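Biologist: I have a new model on my screen and would love some help reading it. Could you walk me through it, one question at a time?

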Amino acid sequence: MKSRRKRKTQTVGVLLTAALALGLAGCSPDGGDDVVTLSFLQFKGEALQQFESIIDEFEEQNPDIRVIQNQVADADTTIRTLLVKDRAPDVITLNANGGFGKLATAGVFHDFTGDPTLESINPAVQEILADLGNKEGEVNSLGYINNANGIIYNTQIFEDQGLEIPTTWEELFAVCEELKAAGITPFYGTLADSWTVLPSFNAIGAYAAQDGFFEKMRDLGSDVGPDSAVSFQKDFDEVLRRQSELFAYAQDGYRGKTYDDGNAAFARGEVAMYMQGIWALAPIQANNPDIQAAIFPYPALSDVPEDRLLVTGVDVTVTIAKDTPHLEEALRFVHFMFEKDVIADLAASQNMVPSVIGAELSDNPALQSVKPYFDDGRIAGFIDHQVPASIPLDATVQQALFSGNIDSALATLDNEWRKVAARTIQGD
């Protein structure tokens with residue numbers, strides 16, 4: 001067992017630097033006449049050891065199957081290249097983003113329709129995946145673990161100031177004013193990194209994107225504009241205005257501060273709230289293991305508490321190559337990954353929410369604070385995953401927050417959408 005584990009670790013290390021050059025993904029030799037070897041491509045370097053433990057346990061229970069973990073950082077590029085070379089791995093994990101959705105729509109993955117594992121997965125998670133794309137009439141992946149995007153808050157500061165979690169915009173702004181009156185900065189802003197505008201944009205924009213906004217945008221294509229049935233100019237004005245109002249409560253100099261600055265400042269207790277996602281908790285807690293933090297969703301644009309949604313991305317989705325010669329064995333491995341105790345342990349190690357209904361959630365207060373939204377299905381996907389990659393969404397929103405010219409930013413987004421639509425119906 002030790003020698004085999006050593007070989008696996010070496011394979012992973014080589015793949016980190018030369019996955020394609022060596023061509024190991026998808027073509028590992030079988031381990032013997034009665035052993036089938038599965039190639040398992042996964043993208044989370046921080047979960048490498050956890051997946052190795054899963055593989056160990058699976059192989060112990062399934063001695064006729066050997067699993068080789070191929071961990072690559074840029075899985076999106078890798079999987080596209082391997083598909084072109086007809087060398088697709090047997091089992092694949094990917095981040096559920098727009099690129100993944102296009103691959104699924106192209107029909108390169110297994111159809112899980114009727115698979116019993118689907119019955120154990122939160123249907124709201126599968127709906128987020130369906131919004132990204134499946135081949136028509138199919139279910140091409142299984143949501144595995146999920147992040148959460150909301151307002152991170154220092155629970156000790158809230159308790160000390162006697163503040164309740166705000167559920168409407170009026171209440172949120174009132175909390176900001178009370179914090180200011182107490183000499184506490186409400187938010188830490190980090191606009192030096194353009195991508196950091198996206199957590200708040202995604203969370204507020206999720207409300208405007210309900211009722212099939214992006215499906216309608218794709219149908220309109222190059223006809224999108226201020227007078228079309230839907231458009232950024234028509235539907236996202238309040239989104240950017242609300243976002244701008246929140247940054248008005250950030251610290252001085254927020255335009256020049258980075259994500260790392262924000263994590264450190266929040267860990268030091270310099271501010272009460274932080275417009276980030278649950279992924280920021282690990283670096284925050286690395287700076288201050290004793291920090292007390294939780295998450296609440298942004299208020300709905302309707303200002304009705306019951307309308308609140310928690311925005312989440314399916315951080316890891318699991319699928320199988322459509323043409324794998326080892327479908328039965330690949331399904332056995334995937335089904336094992338979705339056993340409640342297996343997915344619960346992996347999710348806890350990554351500060352994520354497991355997709356399997358009834359899987360135990362970590363006792364991390366931040367995760368416990370978002371649990372009701374997953375349990376009730378009150379979740380929505382990241383809207384930036386619906387925007388073609390060639391549209392400079394983060395830079396455009398960042399400029400709007402810098403200049404205050406919201407109308408210009410929204411017109412730019414519509415114009416960029418039209419350009420993409422002119423090139424291809426599906427975007428890029």
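Biologist: Which helix gives the most to the lining of the second largest pocket?

Modeller: Before I answer, note that this is a predicted model, where local features need pLDDT of at least 70, side-chain atom pairs count only at pLDDT 80 or more, and totals for chains, interfaces and linings use all residues. Residues are numbered from 1 along each chain as its sequence is written, and side-chain values use heavy atoms, with hydrogens and water left out. A pocket is an open set of points on a 1 Å grid over the protein atoms alone, where a 1.4 Å probe fits, with protein on both sides within 12 Å along at least five of seven lines; lining residues have an atom within 4 Å of a point. Helices are DSSP runs (H or I, at least four residues), numbered from the N terminus, and the one that gives the most here, with 3 residues, spans 198-208: helix H8.

Biologist: How many residues of H8 are buried?

Modeller: Buried means under 20% relative accessible area, using a 1.4 Å probe and protein chains only. Among the buried residues of H8 are Pro 199, Phe 201 and Tyr 207. The helix is mostly covered, and the count is 11 of 11.

Biologist: Which residues lie nearest the centre of the second largest pocket?

Modeller: This pocket has a volume of about 520 Å³ (the space filled by probe spheres set on grid points, which are joined across faces, edges and corners). Its lining has 22 residues, and those nearest the centre are Asn 95, Asn 147, Trp 279, Asp 315 and Phe 382.

Biologist: Which helix gives the largest share of the largest nonpolar core?

Modeller: A nonpolar core is a set of buried Ala, Val, Leu, Ile, Met, Phe, Trp, Tyr and Cys residues joined through side-chain atoms within 4.5 Å. Of its 77 residues, Ile 54, Tyr 144, Phe 333, Met 337 and Phe 338 touch the most other members. The largest share, 6 residues, comes from the helix at 327-337, H14.

Biologist: Why does the pair of Phe 100 and Phe 109 count as stacked?

Modeller: Rings of Phe, Tyr and Trp (its six-membered ring) pair if their centres lie within 6.5 Å; planes under 30 degrees apart count as stacked, over 60 as edge-to-face and the rest as tilted. The structure holds 22 aromatic pairs. In this one the centres are 5.9 Å apart, and the pair is stacked because its planes are at 15°.

Biologist: What is the angle between the planes of Tyr 153 and Phe 158?

Modeller: Both of these residues, Tyr 153 and Phe 158, are buried. Their rings form a tilted pair, 4.8 Å centre to centre, with an angle between the planes of 55°.

How values were computed
Buried means under 20% relative accessible area, exposed over 50%, partly exposed in between (1.4 Å probe, protein chains only). Helices (H or I, at least four residues) and strands (E, at least two) are DSSP runs, numbered from the N terminus.
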